[in-house]
Amino acid sequence: MQKTCMEQQLEGLHAKKGFICDMDGVIYHGDRLLPGVPEFVGWLQREKKRFIFLTNSSERAPRELQQKLERMGLDVDESHFYTSALATASFLKHQAPGCSVYVIGEPGLVGALYDAGMTMNDINPDYVVFGETRAYGYEKVERAIRLVLGGAKLIGTNPDLTAPGENGIVPACSALIAPIELATGRKAYYIGKPNPLMMRHAVRRLGTDADDTVIVGDRMDTDVLSGIEAGIDTTLVLSGVTSCKSLEQFSYRPHYILRGVGDIPPKA
């Protein structure tokens with residue numbers, strides 16, 4: 001049977017040995033699995049592709065992400081997950097071993113920092129570390145402002161302004177940290193994509209060459225930009241925050257544009 005133009009274009013993608021996949025807007029929205037995901041994950045496993053779920057979200061630990069997918073019917077080992085919380089903890093461990101931190105974030109971030117040897121300090125910490133949180137409040141922001149003005153360095157787990165939720169777009173780390181930046185005049189250093197730190201960690205874990213690796217994501221300003229700057233092929237899926245119309249505002253393009261990850265596996 002003659003192959004369609006789309007199938008011919010995707011042959012290069014199918015040949016990749018390593019897949020770096022975003023999660024929010026690619027695999028799920030909130031607690032809702034996106035169409036075609038079981039088929040995509042099944043294909044990765046059957047073809048023995050090396051893959052890692054690389055998420056800018058810092059809320060959950062890898063085990064929690066593994067269990068979340070398990071509740072959705074996907075069996076993926078915990079070793080396939082890497083988060084901006086882990087990347088932030090690794091960064092601080094190498095920058096200032098044993099430093100103290102004031103954290104605004106969820107257990108995934110706090111646990112990663114503890115495991116990397118950091119101590120919690122709300123009086124005179126070395127760093128204020130900010131990640132996504134649903135316990136966002138004025139008192140925490142006010143304290144963070146005082147600590148940064150007092151000399152603490154400001155770290156953000158990722159630069160995302162928004163994230164896809166079950167009921168639409170929700171504010172993400174960069175939007176939530178903005179009051180601290182504005183009030184202090186200090187710009188946070190963001191660890192997550194498109195910071196090359198995240199991509200280096202992911203590629204190192206995969207053990208693949210850049211030419212044999214592709215990143216799959218829903219954001220032009222993080223996922224696609226990360227891949228371009230790392231010399232890795234990029235696949236944009238339109239199941240998250242990016243639409244065809246919004247592509248026009250960017251001066252760079254992904255290698256592939258698909259409706260979702262369900263378009264990746266070869267059709268029977």
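**Exercise 1. Describe the surroundings of helix α5 in this predicted model, starting from the residue just after the helix.**

Step 1. Just after α5, G117 adopts a positive phi of about 95°.

Step 2. Within the helix, the buried residues are G108, L109, A112 and L113. Viewed down the axis of α5, these buried residues fall within an arc of 130°, so they line one face of the helix.

Step 3. The face turned away from that buried side carries P107 and D115, which are exposed.

Step 4. The cover over the buried residues of α5 includes α4, β6 (100-104), β7 (119-120) and β8 (127-130).

**Exercise 2. Determine how helix α4 is oriented relative to α5, and which residues form their contact.**

Step 1. Helix α4 spans residues 84-95 and helix α5 spans residues 107-115; they pack at an angle of about 30°, with their axes 8 Å apart.

Step 2. Angles under 35 degrees count as roughly parallel. The two helices α4 and α5 are therefore roughly parallel to each other.

Step 3. The handedness of the crossing of α4 and α5 is right-handed.

Step 4. On the α4 side the contact comprises A85, L86, A89 and L92, and on the α5 side G108, L109, A112 and L113. The residues of this contact divide into seven nonpolar, one polar and no charged.

Step 5. The α5 residues G108, L109, A112 and L113 are those listed as buried, and α4 is among the elements that cover them.

**Exercise 3. Carry out the corresponding analysis for α4 and helix α8.**

Step 1. Helix α8 comprises residues 196-206; its axis and that of α4 come within 10 Å and cross at roughly 105°.

Step 2. The range 65 to 115 degrees counts as roughly perpendicular. Helices α4 and α8 are therefore roughly perpendicular to each other.

Step 3. From α4, residues S84, A87, S90 and F91 meet L197, M198 and H201 of α8. By class, this contact has four nonpolar, three polar and no charged residues.

Step 4. The backbone in the loop between β12 (189-190) and α8 includes P194. This residue is joined to K193 by a cis peptide bond, with omega of about 15°.

**Exercise 4. Identify the buried and exposed sides of helix α3, and the elements that cover the buried residues.**

Step 1. In helix α3 (residues 62-71), P62, L65, Q66, K68 and L69 are buried. Down the axis of α3, the buried residues fall within an arc of 160°, so they line one face of the helix.

Step 2. Exposed residues R63 and R71 are carried on the face of α3 turned away from the buried side.

Step 3. Among the elements covering the buried residues of α3 are β2 (28-29), β4 (50-55), β5 (81-83) and α4.

Step 4. Just after α3, G73 takes a positive phi of about 95°.

**Exercise 5. Locate K48 and Q9, and state for each whether it is buried or exposed.**

Step 1. K48 is situated in the loop between α2 (37-46) and β4. Its phi is positive, about 55°, although K48 is not a glycine.

Step 2. With a relative accessibility of 72%, K48 counts as exposed.

Step 3. Q9 belongs to helix α1 (residues 5-14). Its relative accessible area is 52%, and Q9 is exposed; the cut-off for exposed is over 50%.

Step 4. The C-alpha atom of Q9 is separated by 12 Å from that of D263, a residue 254 residues apart from Q9 along the chain.

Note on methods:
Residues are numbered from 1 along each chain as its sequence is written. This is a predicted model: local features need pLDDT of at least 70, side-chain atom pairs count only at pLDDT 80 or more; totals for chains, interfaces and linings use all residues. Side-chain values use heavy atoms; hydrogens and water are left out. Axes are lines fitted to C-alpha atoms, for helices over the stretch in contact, and angles run from 0 to 180 degrees between N-to-C directions. Helices (H or I, at least four residues) and strands (E, at least two) are DSSP runs, numbered from the N terminus. Angles under 35 degrees count as roughly parallel, over 145 as roughly antiparallel, 65 to 115 as roughly perpendicular and the rest as oblique. A crossing is left-handed if the near helix is turned anticlockwise from the far one by less than a right angle, and right-handed if clockwise. Contact means heavy atoms within 4.5 Å. Ala, Val, Leu, Ile, Met, Phe, Trp, Tyr, Cys and Pro count as nonpolar, Asp, Glu, Lys and Arg as charged, and the others, Gly among them, as polar. Buried means under 20% relative accessible area, exposed over 50%, partly exposed in between (1.4 Å probe, protein chains only). The arc is that of the directions from the helix axis to the C-beta atoms.
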